[in-house]
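Trainee: I'm new to this one and would rather see one part properly than skim everything. Could you pick a single part and give me a close look at it?

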Amino acid sequence: MTLLEIITPANPALRHKANPVERVKEPQLQQLIDQMIATMRHAHGVGLAAPQVAQPLRLVVIETPAEVDDDGEEIPDSRKLYTVINPQITWASRKMVLGIEGCLSIPGYLGEVARHQAIKVEALDRMGRKLSLSLKGWDARIFQHEIDHLDGILYTDRLTAPENFWSEEELRKQEEEEEKREQESKGERE
Ligand SMILES: [Zn+2]
C-alpha cells in the first residue's frame, strides 16, 4: 500500500477550503481512502483529512483510540474506523470542554483547544450511504479537529491562549516537574 506524504503548514494547500466529493464510488476515490487509512495508521494518528495529503476534497478518515478496561487493557475491536465524506455538523452542544490536541501536519507539538463536548454529524460513508453520528468526548473532539481541516483551519488557530502551545518535550518536562512537586508536597505532609 502506497503511503501518502502528509503536508505541513509550509504548504499553502493545507489552508485551502476543500471541495465536496461528487462521485463516492469512483475507483480513484476508493484508492485514496485506502491510502489515507494506511497513512493514518502508519503515522499512529487518530484522524487524517484529505487536505493533509494535498487532496482538496471533503473527506476524512478517523480511527478512534481503543477503549480500555478497568485493568488498563485494551478492549479488542473497540477501535472504530470511519470514512466520512462531505460531513456537516448539524448540532453542537453549548458545553465546551478543554483538551490537548496534536496534528499529523504539525509533528512534535501539542496545544490546548476548547471543543464542543458533543456534536451531531451527517455525512456519507465510503459506499455513499448516509451516515448520522452522535458523538461526545474525545470522539467529538477528533471529528471537530478533522472537519476543521476541510476549511483550512488548524487547531493552532483555536488555542485557548497563544502560550498554550508546547513541544512534546516541553510538555513532558512540565509534567515531570508537576509530579516532582506533588511528591515533595506529599513528603512534607508525611
Ligand atoms: Zn490535524
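**A close look at the five-stranded sheet**

Mentor: Buried residues make up 24% of the 190 residues in the protein chain. "Buried" here means that 20 or more other C-beta atoms lie within 10 Å of a residue's own; 12 or fewer makes it exposed, anything in between is partly exposed, and the C-beta atoms are placed from the backbone. Keep in mind that this is a predicted model: local features need pLDDT of at least 70, side-chain atom pairs count only at pLDDT 80 or more, and totals for chains, interfaces and linings use all residues. Residue numbers start from 1 along each chain as its sequence is written.

A quick overview, then. The protein chain has three helices and eight strands, and from the N terminus on they run α-β-β-β-β-β-β-β-α-β-α. These are DSSP runs numbered from the N terminus: helices are H or I with at least four residues, strands are E with at least two.

Now for the part I picked. Five strands form an open sheet in the order β1-β2-β3-β6-β7, with antiparallel pairing; two strands count as paired if DSSP finds at least two bridges between them. β1 and β7 (130–136) each have a single partner strand and stand at the edges, so one side of each lacks a neighbour in the sheet. From one strand to the next, the twist averages 40°. Angles like this are taken between N-to-C directions and run from 0 to 180 degrees, using axes fitted to C-alpha atoms, for helices over the stretch in contact.

Let's zoom in on β6. β6 pairs with β3 in the antiparallel sense over five bridges, and with β7, also antiparallel, over seven bridges. L124 in β6 is a handy landmark: I85 stands opposite L124, and the bridge partner of L124 in β7 is K130. Elsewhere along β6, V121 stands opposite L133 of β7. Five residues lie between the strands in the β6–β7 hairpin, where G128 takes a positive phi near 85°.

Then look at where the side chains go. In a regular strand they alternate between the two faces of the sheet. In β6, I119, V121 and A123 point to one face and are buried, while A118, K120, E122 and L124 point to the other and are not buried.

What packs on this sheet? Back with β6 and β7, which pair over seven bridges, we can add the helices. α1 packs on the sheet, touching β1, β2 and β3, and its direction makes about 40° with that of β2. α2 packs on the sheet too, touching β1, β2, β3, β6 and β7, with its direction at about 125° to that of β7. Touching, or contact, means that the C-beta atoms of two residues, placed from the backbone, lie within 7 Å.

α2 (residues 137–149) also lies across β4 and β5, running at about 105° to β5. Its buried residues include I142, F143, E146 and I147. Its length checks out as well: at 1.5 Å a residue, its 13 residues should span 18 Å, and the end C-alpha atoms are 19 Å apart, which agrees. That expected span is 1.5 Å times one less than the number of residues.

This brings us to the largest nonpolar core, which has 25 residues. Such a core is a set of buried Ala, Val, Leu, Ile, Met, Phe, Trp, Tyr and Cys residues joined through C-beta atoms within 7 Å. M36, A50, V60, V61, I62 and F143 touch the most other members. At least two residues each come from α1 (27–42), β1 (47–49), β2 (59–63), β3 (81–92), β6 (118–124) and α2. Take V60: leaving out residues up to four places away in sequence, V60 touches G47, L48, A49, A50, V84, E146 and I147.

For contrast, try Q174, in helix α3 (residues 168–189). Q174 is exposed, with 11 other C-beta atoms within 10 Å. Between Q174 and A49 there are 31 Å in space, C-alpha to C-alpha, and the two are 125 residues apart in sequence.
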